[in-house]
Amino acid sequence: MHLLRIALASLNNRRFTALLTVFAIALSVCLLLAVERVRSEARASFASTISGTDLIVGARSGSVNLLLYSVFRIGNATNNIRWDSFETLARHPQVKWAIPLSLGDSHRGYRVLGTDTGYFAHYHYGRAQPLQLVEGKPFNDLFEVVLGAEVAEALHYRLGDKIVLAHGVSTVSLTRHDDKPFRVVGILARTGTPVDRTLHISLAGMEALHVDWQNGVPARGAGKVSAEQARQLFGACPQASRAQAGQGGSGRGSAVYEPVNEHSESAANAAAPSAVACGQGLQPKAITAVLLGLKSKIATFTVQRQVNEYRGEPLQAILPGVALQELWSLMGVAEKALFVVSLFVVLTGLIGMLTAILTSLNERRREMAILRSVGARPWHIAGLLVLEAFALALAGVVLGLALLYLGIAASQGYVQAQYGLFLPLNLPSGYEWRLLGAILAAALLMGSVPAWRAYRQSLADGLSIRL
């Protein structure tokens, strides 16, 4: 205890240098723990980008590629899924719900997703959190769109605004659907997932955009179908055909489209003379991927094998959790590199402490000579320096923890809203305690270097005062 009081008094006598050393260690400890927490929470958030979905089905390629374009809206599918294959999947006795996904168009760099209203009911993220609308309602008409939070915020869209979609996925497109604008009817709450960067329209709306296209090129002149004609085509469909064209026809948890605009019988017949023409015009021939929810988790591997062995066309079914872990492992190098960088920052702080103690040894020869004159032994002098190093490191660790919690408290809401990462204000985990213990042990080890040097010099000349 006497040595500890002497060590603290000595540090107080050199408080400016000591405070700088403590602050440097605190910043490095704060950075290390912040990186570790963000890393662990990012892994958890990444793994829960999609939850509640048992299987993702797409054209046969690779599990990571299928996950990237169906969930993260990155890249493109190698092939599409025929509509009759989707209907077969939706009718499977083990399938509780099936959500069709159709990609291909974009708006100012943001992907457009064609789906049905079952998407808003069954798509979950995080810890089984459902999608929520902060404004408006889900789409219910051909030319209605629901925006992700980032799209609405970045492009300053509000309910009722008209937007024009573009063909393809590039930021700048030369082919725009100017004749068929969409009206914003809903804005989703921020999720921190790719949903925030997506525009959601109905499958019928996606088909209506291209109803007059031939061989990937828009029709000209008499062959061109206007937005009003497409809406009349949709409104003239019998209820069953409208549901099939607009909602995917899965019949499993999908709401039915209701007609938005009333048209006269003559106009309806002129636009669509029969239900067959209606179905041919608005029912998709192919989609990009399918999200499946099963009645029983036990049947997951059985259904996956049946999909992979489907003879109608080459399909692949993946488990989202397994594919997410596989994708995360590909980014493991960057994750570990960030952690190693933070470790080196801590090491730099400790080296700064070591440098400060070593450079002060010669200045403190008078102090140590006085201690020797009043009976202090060489090991007392060595212990004094070790205690000083430990006190500096301990103060840096405590201050680093305080900075960490202050930073989390100040930025918790912003980080969760912008990036979907929830940083909890809980006590350090067992792994974090081990990291802090390792820092203190490293400080003791580094403190032993000047302690050993002082001990050797004390034995050699007693650290006598040089006049």
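In helix H3, the residues that are buried are Ser-63, Val-64, Leu-66, Leu-67, Tyr-69 and Ser-70, and since that makes six of the eight residues of H3, the helix is largely enclosed by the rest of the structure. I should say straight away that what we are looking at is a predicted model, so please take each of these statements as a statement about the model. As for what does the enclosing, the cover over the buried residues of H3 includes S1, S3, S16, S17 and helix H13, the last of these spanning 320-330.

Let me take strand S1 from that list, residues 55-59, because five of its five residues are buried, and it too is largely enclosed by the rest of the structure. Which strands does S1 pair with? On the one hand, four bridges join S1 to strand S16, residues 289-294, and the two run antiparallel; within that pairing, Leu-55 stands opposite Leu-292 of S16. On the other hand, four bridges join S1 to strand S17, residues 315-318, again in an antiparallel arrangement, and here it is Gly-58 that stands opposite Gln-316 of S17.

From there I would like to move along to helix H4, residues 83-90, which is mostly covered, with six of its eight residues buried. Those buried residues are Trp-83, Ser-85, Phe-86, Glu-87, Leu-89 and Ala-90. Let me dwell on Leu-89, which has its place in helix H4 and which, at 11% relative accessibility, counts as buried, the cut-off being under 20%. What does Leu-89 touch, once residues up to four places away in sequence are not counted? The answer is Val-57, Val-95, Val-290 and Val-307. Taking one of these partners, Leu-89 and Val-290 are 201 residues apart in sequence, while their C-alpha atoms are 8.9 Å apart in space.

A second leucine can be read in the same manner, towards the other end of the numbering. Leu-440 lies in helix H17, residues 430-461, and with a relative accessibility of 18% it counts as buried. Leaving aside neighbours within four places in sequence, Leu-440 is in contact with Phe-390, Ala-393, Leu-394 and Val-397. Gly-396, which is 44 residues from Leu-440 along the chain, has its C-alpha atom 9.7 Å from that of Leu-440.

Next, a word on the backbone. Most residues other than glycine have a negative phi. Two residues here deserve a look against that background. Arg-73, in the loop between helix H3 (63-70) and strand S2 (81-82), has a positive phi near 55°, and His-156, in the loop between helix H6 (149-155) and strand S9 (162-163), has a positive phi near 60°. Are these two side by side in their surroundings, buried or exposed? Arg-73 is buried, with a relative accessible area of 9%, whereas His-156 is exposed, with a relative accessible area of 61%.

Now to the pockets. The largest pocket has a volume of about 540 Å³, and 21 residues line it, with Asn-80, Ser-102, Glu-207, His-210 and Ala-286 lying nearest its centre. The elements that give two or more residues to this lining are strand S3 (95-107), helix H7 (203-209), helix H11 (275-282) and strand S15 (286-287). Of these, S3 gives the most, with four residues. In terms of residue class, the lining of the largest pocket has eight nonpolar, nine polar and four charged residues.

That brings me to confidence, which I would keep in mind throughout. The chain averages a pLDDT of 78, and 73% of the residues score at least 70. Over residues 238-280, however, the pLDDT is below 50, although this stretch has 83 contacts in the model beyond near neighbours in sequence. The pLDDT is also below 50 over residues 462-467, a stretch that has 15 contacts in the model, again beyond near neighbours in sequence.

Finally, the chain as a whole. Its secondary structure comes to 17 helices and 17 strands, and of its 467 residues, 49% count as buried. Among the contacts between residues at least 6 apart in sequence, 77% join residues that are at least 24 apart.

Key: Residues are numbered from 1 along each chain as its sequence is written. This is a predicted model: local features need pLDDT of at least 70, side-chain atom pairs count only at pLDDT 80 or more; totals for chains, interfaces and linings use all residues. Side-chain values use heavy atoms; hydrogens and water are left out. On a 1 Å grid over the protein atoms alone, a cavity is a set of points where a 1.4 Å probe fits but cannot get out, and a pocket is an open set with protein on both sides within 12 Å along at least five of seven lines; lining residues have an atom within 4 Å of a point. Grid points are joined across faces, edges and corners, and a volume is the space filled by probe spheres set on the points. Ala, Val, Leu, Ile, Met, Phe, Trp, Tyr, Cys and Pro count as nonpolar, Asp, Glu, Lys and Arg as charged, and the others, Gly among them, as polar. pLDDT is the predictor's confidence in each residue, from 0 to 100. Contact means heavy atoms within 4.5 Å. Buried means under 20% relative accessible area, exposed over 50%, partly exposed in between (1.4 Å probe, protein chains only). Two strands pair if DSSP finds at least two bridges between them.
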